[in-house]
Amino acid sequence: MKREMEAKGTKMAKMKPVRVGAALWLAVCLGLPMMAGAQVVPAASVEPDQPADQLVPPTSAGDFTSAQLDSALAGSWRSPANRARDAYRHPKATLQFFGIRPDQTVVEITPGGGWYSEILAPLLHDNGHYIAAVQAPAGDGEARRDGDALHRKFAADTAHYGKAKFVEFDPKAPVFGAPGSADLVLTFRNVHNWVMADTAPAMFKAFFAVLRPGGVLGVVDHRASDEASLDTVKQSGYLPTRYVVKLATAAGFVLEESSEINANPKDTKDYPKGVWTLPPTLSLGEQDKAKYLAIGESDRMTLRFIKPLPPPPAASAH
């Protein structure tokens with residue numbers, strides 16, 4: 001039993017439980033069955049005819065992460081407006097697809113007003129690290145307004161955001177942290193902005209640099225039609241999936257998997273104000289508002305890239 005317990009000494013086993021009882025957490029860490037509300041006792045003292053339905057089976061790391069995501073999504077600190085968008089943004093399925101765990105170091109690139117911050121920062125509060133990478137503001141533009149709003153949000157609720165960190169970056173020469181310091185880099189609906197500003201290649205190279213080998217880059221963005229060329233759509237906010245893949249692979253990433261989690265077949269992608277015609281922006285105001293609300297938010301690509309592990313050292317010749 002001692003050797004078995006030592007073998008369980010993984011990173012997940014060291015995590016502090018979040019809203020999980022101590023007895024259940026002990027069972028989770030050690031892989032031991034446990035009676036609800038009772039102490040763990042030596043195997044020899046357990047009655048052989050004890051009903052199996054009184055035991056709580058061990059919880060896997062995946063189950064633990066799922067439970068913590070549910071807790072974060074149900075959090076009272078989330079704004080009603082943000083919660084209403086869950087039906088379009090599918091945060092739990094998206095984050096699970098990217099392989100998130102509560103003990104990781106996660107860098108979110110340009111989180112804006114903090115839609116995903118409301119989920120990620122509390123999820124990582126006890127056992128991981130959440131880092132909001134915000135563009136260094138110039139003047140009184142959108143970057144400054146978003147950055148100030150996020151700072152205010154975090155400062156107003158230290159119970160959930162008190163351990164969150166910020167890093168400012170120059171989009172023309174971005175640095176998001178020490179090389180190899182992050183487990184997961186996430187960016188939601190931002191790549192089209194960098195493409196329009198001609199900073200996307202530098203951004204992807206910086207993602208690659210901050211991730212550890214084997215680390216994951218998760219990308220969600222508005223998806224153009226397969227036959228569309230970049231030149232014809234890049235001002236619309238939509239991007240060809242193949243172009244985003246090209247940006248990532250040119251930086252050294254490997255596309256591990258794509259998902260249809262955030263697909264929307266109702267999106268025809270041919271609107272007067274581009275993707276901003278649709279909710280939540282609704283750039284046309286009241287004009288055809290019901291029509292665009294019925295379509296919903298944009299059709300989105302969801303891509304998981306991995307930073308390859310280095311090749312094993314060559315065997316020395318004897």
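Q: Take a salt bridge to be a Lys or Arg side-chain nitrogen within 4 Å of an Asp or Glu carboxyl oxygen. What makes Lys289 and Glu286 such a pair?
A: Their closest N to O distance is 3.6 Å, and that falls within 4 Å, so the pair passes. Keep in mind that this is a predicted model, where local features need pLDDT of at least 70, side-chain atom pairs need pLDDT 80 or more, and totals for chains, interfaces and linings use all residues. Residues are numbered from 1 along each chain as its sequence is written, and side-chain values use heavy atoms, leaving out hydrogens and water.

Q: Why is Glu286 called exposed or buried?
A: Relative accessible area decides: under 20% is buried, over 50% is exposed, and anything in between is partly exposed (1.4 Å probe, protein chains only). Glu286 has 64%, so it counts as exposed. Its partner Lys289 has 29%, so it is partly exposed.

Q: Which residues do salt bridges with shared partners join into one network?
A: That would be Arg223, Glu260, Lys269 and Asp299.

Q: How many salt bridges does the rule give in total?
A: The count comes to 13.

Q: How do you know that Glu118 and Lys153 form a salt bridge?
A: Check the gap: their closest N and O atoms are 2.7 Å apart, which is within the 4 Å limit, so they qualify. The two residues sit 35 apart in the chain, Glu118 in helix H7 (residues 117-124) and Lys153 in helix H8 (residues 142-156). Those labels are DSSP runs numbered from the N terminus: helices are H or I with at least four residues, strands are E with at least two.

Q: Is Glu118 buried or exposed, and what about Lys153?
A: Glu118 has just 1% relative accessibility, so it is buried. Lys153 comes in at 22%, so it is partly exposed.

Q: What makes Glu256 and Arg304 a salt bridge?
A: Nitrogen and oxygen are 2.8 Å apart, again within 4 Å, so the definition is met. Glu256 is in strand E8 (residues 254-259) and Arg304 in strand E9 (residues 300-306), so this pair ties together parts 48 residues apart in sequence. With 42%, Glu256 is partly exposed, while Arg304, with 12%, is buried.

Q: Why is strand E3 described as largely enclosed by the rest of the structure?
A: Of its 5 residues (105-109), 5 are buried, so that description fits. In a regular strand, side chains alternate between the two faces of the sheet. Both faces of E3 are covered, with Thr105, Val107 and Ile109 buried on one side and Val106 and Glu108 buried on the other.

Q: How do you know that E3 pairs with E4 and with E6?
A: Pairing takes at least two DSSP bridges between the strands. E3 has 5 bridges to strand E4 (residues 129-135), running parallel, so that pair clears the bar. E3 also has 3 bridges to strand E6 (residues 182-188), in the parallel sense too, so this pair clears it as well. Thr105 is opposite His129 in E4, and Glu108 is opposite Leu186 in E6.

Q: What share of the whole chain is buried?
A: Buried residues make up 45% of its 318 residues. The chain has 14 helices and 9 strands.
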